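Biologist: Could you take me through this one and explain the labels as we go? I'd like the reasoning behind each one.

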Amino acid sequence: MMTRRITQLLIGLAMYGISLAMFIRAGLGLDPWDVFHQGVSQKTGFSIGIVVIAVSFLVLLLWIPLRQMPGIGTIANAVLVGLFADLGLWLIPGFSHLGGQIAMLAGAVILNGIASACYIGARLGPGARDGLMTGLVRRTGWSVRLVRTGIEVVVLAVGFLLGGSVGVGTVVYALAIGPIVQVLLPKFMVPERAKATLGTPSGSATEPSEAVPAAPAA
C-alpha cells in the first residue's frame, strides 16, 4: 500500500508541475498562486520553478505558529512541482495562434485536475499552500471558503501587480478545477486498510483517517 501511495504521489506531483508549464505556454492566464509565482519570477530573474520551491518553503514557515505538521507529501510537493515546472517549460513550446493556446489551456486544466486527485488521494500530506489554508481554518474558526478566497485574492493581486499573467485561463481554472477533482478524487483515493490489534479480531480496527486538503494547490 505504501508503495502505491508514494508512486501515486510522485506521479501526481510530476504531472502538476508539467500542467503549470502548460498553463504558462498557453499564455491565457494562470491560477492565483502561479500568477504570484510568475510575477516574482519576472521581478527576480529566477526561473518559475525555483520561485515555486522557494515560496513553498517560506509558506511552510507559516505552519509553525499554526502548529501544522508536514508529511512526506508536503516536502515532496515543495520540491518536485517546481522542478517539473521548469522541465516542462524546457520541453513544451509556446503557441502563437489562439487555437493552440486554447488546446494547451484545456489540456493543462485536465492534467492539473488528474494530478491534484493523485497527490491528494495518496494521503501523504497536503501541499504547503493547502496546509496554510487548513491551518488558518482550524485556528480561526473561519470557513474554508472565506480563508481560501482571502488568501487567493491577496496572492492574485500581488502577483498581478508584479506582472503575473491574469486572463481567461485564471477564470477557467477557478471554475473547472473543483468539479474535476471532485469527480476524480474517489478513483485515486487510497483506501484505509484494516489492521489487527492485540486482543481485537482482525479487521475490527482501522487506521485513523488522514486529513485531506479541501482543494488542490501546489
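Modeller: Sure, let's start with a term: two residues are in contact when they have heavy atoms within 4.5 Å. In this protein, residues 24 or more positions apart account for 80% of the contacts with a separation of 6 or more. Keep in mind that this is a predicted model.

Biologist: How do you know how confident the predictor is in the protein?

Modeller: From pLDDT, which runs from 0 to 100. The protein averages 88, and 88% of the residues score at least 70. Residues 194-215 are another story: pLDDT stays under 50 there, and the model has 29 contacts beyond four places in sequence for that stretch.

Biologist: What makes up the secondary structure of the protein?

Modeller: Eight helices and two strands. Going along the sequence, the pattern is α-α-α-α-α-α-α-α-β-β.

Biologist: Okay, on to the helix pairs. Why are H1 and H4 called oblique to each other?

Modeller: Helix H1 covers residues 2-26 and helix H4 covers residues 72-91, and their axes cross at roughly 40 degrees. Roughly parallel needs an angle under 35 degrees, and roughly perpendicular takes 65 to 115. The H1 and H4 angle fits neither, nor is it over 145, so the pair counts as oblique. The two axes come within 7 Å, and the crossing is right-handed.

Biologist: Which residues make the contact between H1 and H4?

Modeller: On the H1 side they include Leu 9, Leu 13, Tyr 16, Gly 17 and Arg 25, and on the H4 side they include Gly 73, Asn 77, Leu 80, Phe 84 and Gly 88. By class, that contact has 15 nonpolar, four polar and one charged residues.

Biologist: And what makes H1 and H5 roughly antiparallel?

Modeller: The axes of H1 and H5 cross at roughly 160 degrees. Anything over 145 counts as roughly antiparallel, so that is the label for H1 and H5. Their axes come within 8 Å, and H1 passes H5 in a left-handed crossing. The contact of H1 with H5 has 18 nonpolar, eight polar and one charged residues.

Biologist: What about H2 and H3, which residues meet there?

Modeller: Among them are Trp 33, Phe 36, His 37 and Ser 41 in H2, and Ile 48, Val 51 and Val 55 in H3. The axes of H2 and H3 come within 9 Å and cross at roughly 115 degrees, with a right-handed crossing. The class count for H2 with H3 is eight nonpolar, four polar and one charged residues.

Biologist: You just mentioned Ser 41. Is Ser 41 buried or exposed, and how do you know?

Modeller: Ser 41 has 14% relative accessibility. Buried means under 20%, so Ser 41 counts as buried. Ser 41 sits in helix H2, residues 32-44. Leaving aside neighbours within four places in sequence, Ser 41 is in contact with Phe 46, Ser 47, Ile 48 and Val 51. Across the protein, buried residues make up 47% of the 218 residues.

Biologist: Why is Met 133 given its burial label?

Modeller: The same cut-off applies: buried means under 20%. Met 133 is at 2% relative accessibility, so Met 133 counts as buried. Met 133 lies in helix H6, residues 128-140. Its C-alpha atom is separated by 6.3 Å from that of Val 147, 14 residues apart along the chain.

Biologist: Then what makes Phe 160 exposed?

Modeller: Exposed means over 50%. Phe 160 comes in at 52% relative accessibility, so Phe 160 counts as exposed. Phe 160 is in helix H7, residues 144-161. Beyond its neighbours within four places in sequence, Phe 160 is in contact with Val 35 and Val 166. Phe 160 and Gly 39 are 121 residues apart in sequence, yet 6.8 Å apart in space, C-alpha to C-alpha.

Biologist: What is there to say about phi at Arg 67?

Modeller: Most residues other than glycine have a negative phi. Arg 67 has a positive phi of about 60 degrees and is not a glycine. Arg 123 also has a positive phi, near 60 degrees.

Biologist: Where are Arg 67 and Arg 123, and why do their labels read as they do?

Modeller: Arg 67 lies in the loop between helix H3 and H4, while Arg 123 is in the loop between helix H5 and H6. Arg 67 is at 65% relative accessibility, so Arg 67 counts as exposed. Arg 123 is at 14%, so Arg 123 counts as buried.

Technical notes:
Residues are numbered from 1 along each chain as its sequence is written. This is a predicted model: local features need pLDDT of at least 70, side-chain atom pairs count only at pLDDT 80 or more; totals for chains, interfaces and linings use all residues. Side-chain values use heavy atoms; hydrogens and water are left out. Axes are lines fitted to C-alpha atoms, for helices over the stretch in contact, and angles run from 0 to 180 degrees between N-to-C directions. Helices (H or I, at least four residues) and strands (E, at least two) are DSSP runs, numbered from the N terminus. A crossing is left-handed if the near helix is turned anticlockwise from the far one by less than a right angle, and right-handed if clockwise. Ala, Val, Leu, Ile, Met, Phe, Trp, Tyr, Cys and Pro count as nonpolar, Asp, Glu, Lys and Arg as charged, and the others, Gly among them, as polar. Buried means under 20% relative accessible area, exposed over 50%, partly exposed in between (1.4 Å probe, protein chains only).
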